[in-house]
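Here are my notes on the model you sent, set out as numbered points so that each can be checked against the coordinates.

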Amino acid sequence: MKVKLCLLSLLSILLLMACGEKKENESKENSGSKETVLKIATLESGYGDKMWPEIIEEYKKVNPNVKIELTQSKDIESSLPGQFQAENYPDVIMLGIGRKAGITENFVKEKELADLTPVLEMKVPGEEKAVKDKLVEGFTGNTITNPYSDGKVYLMPMFYSPTGLFYNKTLFEKNGWQVPKTWDEMFALGDKAKEKKIALLTYPTTGYLDSFLPPILAGRGGEQFFKDVMNYKQGIWTSPEMNDVFKTLGKLAKYVEPTTVANATDEGFKKNQQLVLDDKALFMPNGSWIVGEMAATTPKDFKWGMTAYPSFTKDGAQYAWSFFEQIWVPKAAKNIEEAQKFIAFLYSDKAAEIFVKYNAVQPINSYPYDKLSEENKVFYDVYKNGAKALVGGYATTKPVEGIDFRGTLYDSFNSVVNGTKTPEEWQKEVNEMMEKLRNNLIN
């Protein structure tokens, strides 16, 4: 009998100990001491594969209770769909719009993005300022970061690059040429260059016209005109201002280097970029990444220059459209709040010290531009030299069957260049497409 009582007493003690331990563990979990696993997926772009691991190590100093699993790959778009299908969503995805796979656009259209508006009000980890107070004006509140009409941010702006017309400074200096500021000056220079068997323009692919057309639109009609175009205002594509734009593009098509269309593909685009390096074309639309992309074949005496797009009148404004990448959180992510904290950290001065080493430029007002490479400083000086910054893209619409947005708006320029389509025919097709899209805007 005594043995049985002892056994019962021992069992009671063990149960009490187990319950106490369980409560202690629950208490730890509730107090936030449990380590959170944050999954981050990012495209390995021209910044290389060392940058994000450095950022993560720095973040751990301000948030040691988070374990980060990083997946980065040049081919990240091939692996992400499988994860989505298995409902294994990364918490943070660094992948911008405009990619061929269209993953980010699909999340926008399906309204499967987490609301990141709270990030703007967060204090940057390790600092006193809120994120909204560090961001350069215009990089949120546009049709890219705020794709719906609800006033909320769903895509946060990350690295940006001013885009413009890139050229060889050395060639201009050798010939005593001035960089044109108006379209009249541009075409006059094209005639001079033609005498030396140099074309006025080339372009890598027609996809690069996404940075080419916006500043031309703003240059002709102003910033409100540009916004109206981006929001599919009825009749905007047949307006007098738009007629002038297509007339100018039609004239410009006659100055394009003859081999451009044949090489304007994902496989041949570097041949078109090489035309500028070999002094066979004066200008090409591009972004600051061109320096690294063409470093292996850049001549020693070549000096990169970049200018904003010409104005339509002598005293008219010149614009440079800023391309920027986006970081976002799937609505189905498991750790949305932790993801928001991590994103807030990316706007810190500590993060900027890492990003600048890789020439990755954030749109924050404390960014250390003085630490950029000398070549990259030249590109960001375009705004100091009088160009107006332009950001934003087309408002989000529902998928419309039969619509080929890039093919109609951009690829058709190839047809204008080779003479199989007139500028008027191109404009008519674009207007018809935009009217269909206008009727399918996502509110």
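**Notes on the predicted model**

1. Just after helix H3, Glu87 adopts a positive phi of about 60°. Please keep in mind, here and below, that this is a predicted model.

2. Helix H3 itself covers residues 76-85, and its buried residues are Ile76, Glu77, Leu80 and Phe84. These residues lie on the same side of H3, because the arc they cover around the axis is only 85°. The spacing fits a general rule: an α-helix has 3.6 residues a turn, so residues three or four places apart point the same way. As for what the buried residues of H3 pack against, the partners are strand S1 (36-43), strand S2 (66-73), strand S3 (92-94) and H4.

3. Helix H4 (residues 103-109) contains Val108, a residue worth inspecting individually. Is Val108 buried or exposed? Its relative accessible area is 5%, and Val108 therefore counts as buried, the cut-off being under 20%. When its neighbours within four places in sequence are left aside, Val108 is in contact with Leu113, Pro147, Tyr148, Leu155 and Thr396. One of these partners, Pro147, is 39 residues away from Val108 along the chain, yet the C-alpha atoms of the two are separated by 7.3 Å.

4. Helix H17 (residues 405-417) and helix H18 (residues 423-438) pack with their axes 10 Å apart and at an angle of about 180°. H17 is therefore roughly antiparallel to H18, since angles over 145 degrees are counted in that way. On the H17 side the contact is made by Phe405, Thr408, Leu409, Ser412, Phe413 and Val416, while H18 contributes Pro423, Trp426, Glu429, Val430, Met433, Met434 and Leu437. Sorted by character, the residues of this contact between H17 and H18 comprise 10 nonpolar, two polar and one charged.

5. Turning to the whole chain, the secondary structure of the protein amounts to 18 helices and 10 strands, and the C-alpha trace spans about 115 × 50 × 40 Å along its principal axes. Of the 443 residues in the protein, 50% are buried. The protein exposes about 21900 Å², of which carbon and sulfur atoms supply 50%.

6. How much of the contact network joins residues at least 24 apart in sequence? Among contacts between residues at least 6 apart, the share is 75%. The pair of Val108 and Pro147, 39 residues apart along the chain and in contact with each other, gives a local example to look at in the model.

Technical notes:
Residues are numbered from 1 along each chain as its sequence is written. This is a predicted model: local features need pLDDT of at least 70, side-chain atom pairs count only at pLDDT 80 or more; totals for chains, interfaces and linings use all residues. Side-chain values use heavy atoms; hydrogens and water are left out. Helices (H or I, at least four residues) and strands (E, at least two) are DSSP runs, numbered from the N terminus. Buried means under 20% relative accessible area, exposed over 50%, partly exposed in between (1.4 Å probe, protein chains only). Contact means heavy atoms within 4.5 Å. The arc is that of the directions from the helix axis to the C-beta atoms. Axes are lines fitted to C-alpha atoms, for helices over the stretch in contact, and angles run from 0 to 180 degrees between N-to-C directions. Angles under 35 degrees count as roughly parallel, over 145 as roughly antiparallel, 65 to 115 as roughly perpendicular and the rest as oblique. Ala, Val, Leu, Ile, Met, Phe, Trp, Tyr, Cys and Pro count as nonpolar, Asp, Glu, Lys and Arg as charged, and the others, Gly among them, as polar. Accessible areas come from the Shrake-Rupley method with a 1.4 Å probe; for residues, only the protein chains shown count as cover.
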